[in-house]
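Here is a short report for a computational chemist who likes to see the numbers next to the picture. Please have a look at the sequence and the structure first.

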Amino acid sequence: MRLIAIFLTVLLLLVQYPLWLGKGGWLRVWDMDQQVHAAHDKITELKARNAKLDSEVHDLKEGTGAVEERARTELGMIKQDEIFIQILDPNGNPADAPAPPNPELTAVEKTIAVAVPDERGKKPQH
C-alpha cells in the first residue's frame with residue numbers, strides 16, 4: 001500500500017510539472033502577461049508623445065505664432081521696429097543665466113526683458 005501511495009504522489013508531481021513550470025505553464029503565462037502590460041503602457045506613453053509632436057508640427061506648419069514664439073525664446077529674436085531692453089540682476093546676469101562663480105560682480109537690479117516699439121522709424125505727427 002505504501003508503494004502505491006509513493007507511486008501516485010510521484011505521478012501527481014510529474015503531471016503538475018508541465019502545468020506550473022512547462023512551456024505553457026502558469027508561471028510562463030503570468031510572466032508573458034506582465035510583459036504585455038508593460039508593452040501596452042510603453043505604447044500608450046509613446047502615442048501621447050507622438051500626438052504632442054504631431055500637434056507641434058501642425059502648429060509650426062500652419063501658424064506663425066509657434067514660429068514666432070520659438071524665435072523669441074530660443075533664438076532671442078525680436079520683431080522689426082522693436083528695441084530689446086534687458087536689465088540685469090545684482091550679479092550682472094540675465095534671469096535665466098546661471099549665477100557667476102564670482103559673487104562680487106555688480107550690475108543693475110532685477111532682470112527684465114521687454115520688447116518695445118521703436119520710436120525712431122515713425123513720422124512725427126503735426
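The report goes from the overall fold to the surface and then to the charged side chains.

**Overall picture**

Please keep in mind that this is a predicted model. The protein chain has 3 helices and 2 strands, and from the N terminus these elements follow the order α-α-α-β-β. How much of the protein chain counts as buried? Of its 126 residues, 6% do. Looking at contacts with a separation of 6 or more, 33% join residues that are 24 or more positions apart.

**The surface**

The area that the protein chain exposes is about 11500 Å², and 62% of it is supplied by carbon and sulfur atoms. Which residues make the nonpolar surface patch of about 680 Å²? They are M1, I4, F7, L8, L11 and V15. One of them, M1, sits in the segment before helix 1, which spans residues 2-21. M1 has a relative accessibility of 81%, so it counts as exposed, given that the cut-off for exposed is over 50%.

**The charged side chains**

As a general point, side chains of opposite charge can pair when their charged atoms come close. In this model the count comes to 2 salt bridges, and the table gives both pairs with their N to O distances.

| Salt bridge | Distance between N and O |
|---|---|
| R72 and E68 | 3.3 Å |
| E68 and K79 | 3.5 Å |

Let us take R72 and E68 to begin with. Both residues belong to helix 3 (residues 65-75), where they are 4 residues apart, about one turn of the helix. Are these two side chains buried or exposed? R72 is partly exposed, at 30% relative accessible area, and E68 is also partly exposed, at 32%.

E68 also forms a salt bridge with K79. Where do the two partners lie? E68 is in helix 3, while K79 is in the loop between helix 3 and strand 1 (82-87), so this pair ties together parts that are 11 residues apart in sequence. K79 has a relative accessible area of 43%, so it is partly exposed, because values between 20% and 50% fall in that class.

What do the salt bridges build when they share partners? They join E68, R72 and K79 into one network. For a walk through the model, you could begin at the patch that includes M1 and F7, then go on to helix 3, where R72 and E68 lie, and finish at K79 in the loop that follows helix 3.

Technical notes. Residues are numbered from 1 along each chain as its sequence is written. This is a predicted model: local features need pLDDT of at least 70, side-chain atom pairs count only at pLDDT 80 or more; totals for chains, interfaces and linings use all residues. Side-chain values use heavy atoms; hydrogens and water are left out. Buried means under 20% relative accessible area, exposed over 50%, partly exposed in between (1.4 Å probe, protein chains only). Contact means heavy atoms within 4.5 Å. Accessible areas come from the Shrake-Rupley method with a 1.4 Å probe; for residues, only the protein chains shown count as cover. Patches are made of residues with over 30% relative accessible area and no salt bridge: like charges are joined within 9 Å, nonpolar side chains (Val, Leu, Ile, Met, Phe, Trp, Tyr) within 5 Å. A salt bridge is a side-chain nitrogen of Lys or Arg within 4 Å of a carboxyl oxygen of Asp or Glu.
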